[in-house]
Amino acid sequence: MDWPAYSPDQNPIEHVWDMLGRRIVARQLPLTCLLIIRRALFDEWCNIPEDQFDNLILGMPRRCKACIASSGRHVPY
């Protein structure tokens with residue numbers, strides 16, 4: 001399947017970045033230096049439940065079918 005130009009949402013890593021970003025924002029800590037940011041990212045990365053990654057992988061066939069059905073347009077997560 002060619003990668004549809006309008007479907008970056010098909011890439012599972014985009015959803016992982018979104019999960020990570022939401023977890024960082026939820027901390028409500030002042031991220032004032034690179035060391036604090038790096039540590040927060042590492043901590044949150046390690047705390048993402050593995051089943052969330054599994055769900056992204058297992059959901060790929062469904063998302064691919066939905067993408068084909070929508071002619072390559074946005075497919076909800």
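Modeller: Before we discuss single residues in this predicted model, let us fix one term: a residue is called exposed if its relative accessible area is over 50%, and buried if that area is under 20%, with partly exposed in between.

Colleague: Then why does Q28 count as exposed?

Modeller: Q28 has a relative accessibility of 72%, and the cut-off for exposed is over 50%, so Q28 belongs in the exposed class. As for its place in the chain, Q28 lies in the loop between α1 and α2, the latter covering residues 34-47.

Colleague: What is the phi of Q28, and what makes it worth a remark?

Modeller: The phi of Q28 is near 55°, which is a positive value in a residue other than glycine. Most residues other than glycine have a negative phi.

Colleague: Is R63 buried or exposed, and how do you know?

Modeller: R63 has a relative accessible area of 1%, and since buried means under 20%, R63 is buried. This residue is found in helix α4, and its C-alpha atom is separated by 9.8 Å from that of N11, although the two residues are 52 apart along the chain.

Colleague: Why are helices α3 and α4 called oblique to each other?

Modeller: Two packed helices are described by the angle between their axes and the distance between the axes. Here the axes of α3 (residues 50-58) and α4 (residues 60-69) come within 5 Å and cross at roughly 40°. An angle under 35 degrees would count as roughly parallel, and 65 to 115 as roughly perpendicular; the crossing angle of roughly 40° fits neither range, and therefore the pair is oblique. Where they meet, L56, I57 and L58 in α3 are in contact with M60, P61 and R63 in α4.

Colleague: What makes W45 and F53 an aromatic pair, and which kind of pair do they form?

Modeller: The count for this model is one aromatic pair. In that pair, the rings of W45 and F53 lie 5.5 Å apart, centre to centre, with 50° between their planes. Rings pair if their centres lie within 6.5 Å, and planes under 30 degrees apart would be stacked while those over 60 would be edge-to-face, so the pair W45 and F53 is tilted.

Colleague: How accessible is W45, and which residues does it touch?

Modeller: W45, which is found in helix α2, has a relative accessible area of 41%, and this value is neither under 20% nor over 50%, so W45 is partly exposed. Leaving aside neighbours within four places in sequence, W45 is in contact with V16, L20 and F53.

Colleague: Which residues make up the largest nonpolar core?

Modeller: That core has five residues, namely V16, M19, L20, I48 and L56. Helix α1, residues 12-27, gives the most to this core, with three residues. L20, one of the core residues, is in contact with L41, E44, W45 and I48, once its neighbours within four places in sequence are left aside.

Colleague: How many disulfides are counted, and what is the rule?

Modeller: A disulfide needs a pair of cysteine sulfur atoms within 2.5 Å, and by this rule the count is zero. C46, with a relative accessible area of 46%, is partly exposed, and C64, at 22%, is partly exposed as well.

Colleague: Finally, what is the pattern of the chain as a whole?

Modeller: Read along the sequence, the pattern is α-α-α-α, with four helices and zero strands. Of the 77 residues in the chain, 25% are buried.

How values were computed: Residues numbered from 1 in each chain as written. Predicted model: local features only at pLDDT ≥ 70, side-chain atom pairs only at ≥ 80, totals over all residues. Heavy atoms only, no water. Buried < 20%, exposed > 50% of the residue type's maximum accessible area, 1.4 Å probe, protein only. Phe/Tyr/Trp six-rings, centres within 6.5 Å; stacked < 30°, edge-to-face > 60°. Core = buried A, V, L, I, M, F, W, Y, C linked by side-chain atoms within 4.5 Å. Helix = DSSP H or I, 4+ residues; strand = E, 2+ residues; numbered from the N terminus. Contact = heavy atoms within 4.5 Å. Axes fitted to C-alpha atoms, helices over the stretch in contact; angles between N-to-C directions. Parallel < 35°, antiparallel > 145°, perpendicular 65-115°, else oblique.
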